[in-house]
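Reader: I would like to go through this model with you and ask how each label was earned. Shall we start once it is on the screen?

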Amino acid sequence: MSELVERVDEFDRLVGGAVEVGESYAEAAARELVEERGVRAPVRHVFTFLCRGVISPYWLAVHEAVDVGDLAPDPGEAARWGWLTEEELRRAVRRWEFDADGVVALERYPAAGRSG
């Protein structure tokens, strides 16, 4: 399994953003995947939790998507990106500065019964 990592001011392993009025979590996840990575793929809900974010608590829904095509990241969303294996990502989280909310989601992910 590989994870996409992007570099802006810090590293982030999440593709995401706010849910719009009238939009479900899954619809928002699919929309953000298109906006940020140029990818259309089905998303699967994994878990939702109350994230104690830096600014304030908020509900964070984590979804999975499997993409078999080429990524086309929006340059306005990701200055650099690349693939890491799961183990490389875990080592990177210990060494580099990552978005704190993304680290919390990553820590919870294995226990959530991911699909592989």
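Reader: In what order do the elements of the protein run from the N terminus on?

Author: Happy to help, and please keep in mind that this is a predicted model. From the N terminus on, the order is β-β-α-β-β-β-α-α. That is three helices and five strands.

Reader: What makes S3 and S4 a pair?

Author: Two strands count as paired if DSSP finds at least two bridges between them. Strand S3, residues 43-52, and strand S4, residues 57-65, have nine bridges, in the antiparallel sense, so they meet that definition. A hairpin of four residues links S3 to S4. As one example of the register, Arg 44 stands opposite Glu 64 in S4.

Reader: Which residues make up the largest nonpolar core?

Author: There are eight: Val 46, Phe 47, Phe 49, Cys 51, Leu 60, Val 62, Ala 105 and Tyr 109. S3 and S4 each give at least two residues to this core, and S3 has the largest share, with four.

Reader: Why is such a set called a nonpolar core?

Author: The name applies because the members are buried residues of the listed nonpolar kinds, joined through side-chain atoms within 4.5 Å. Buried here means under 20% relative accessible area.

Reader: What does Val 62 touch, leaving out residues up to four places away in sequence?

Author: Val 62 touches Arg 44, His 45, Val 46, Phe 47, Phe 49, Ala 105 and Tyr 109. Apart from this core lies another one of six residues, including Leu 84, Ala 92, Val 103 and Leu 106.

Reader: Why is Tyr 25 called partly exposed?

Author: Its relative accessibility is 37%, so Tyr 25 counts as partly exposed. That class lies between the cut-offs of 20% for buried and 50% for exposed. Tyr 25 has its place in helix H1, residues 25-37.

Reader: Which residues make the nonpolar surface patch with Tyr 25?

Author: Val 19, Leu 50 and Trp 59 join Tyr 25 there, and the patch covers about 370 Å². A patch residue needs over 30% relative accessible area, and Tyr 25, at 37%, passes that cut-off, so its accessibility fits.

Reader: And what about the protein overall: how much is buried, and how much area is exposed?

Author: Of the 116 residues, 33% are buried. The protein exposes about 7,300 Å², with carbon and sulfur atoms supplying 52% of that area. Among contacts with a separation of 6 or more, 56% are between residues 24 or more positions apart.

Definitions and conventions: Residues numbered from 1 in each chain as written. Predicted model: local features only at pLDDT ≥ 70, side-chain atom pairs only at ≥ 80, totals over all residues. Heavy atoms only, no water. Buried < 20%, exposed > 50% of the residue type's maximum accessible area, 1.4 Å probe, protein only. Contact = heavy atoms within 4.5 Å. Areas by Shrake-Rupley, 256 points an atom, 1.4 Å probe, with all protein chains shown as cover. Patch = residues over 30% accessible without salt bridge, like charges linked within 9 Å, V, L, I, M, F, W, Y side chains within 5 Å. Salt bridge = Lys/Arg side-chain N within 4 Å of Asp/Glu carboxyl O.
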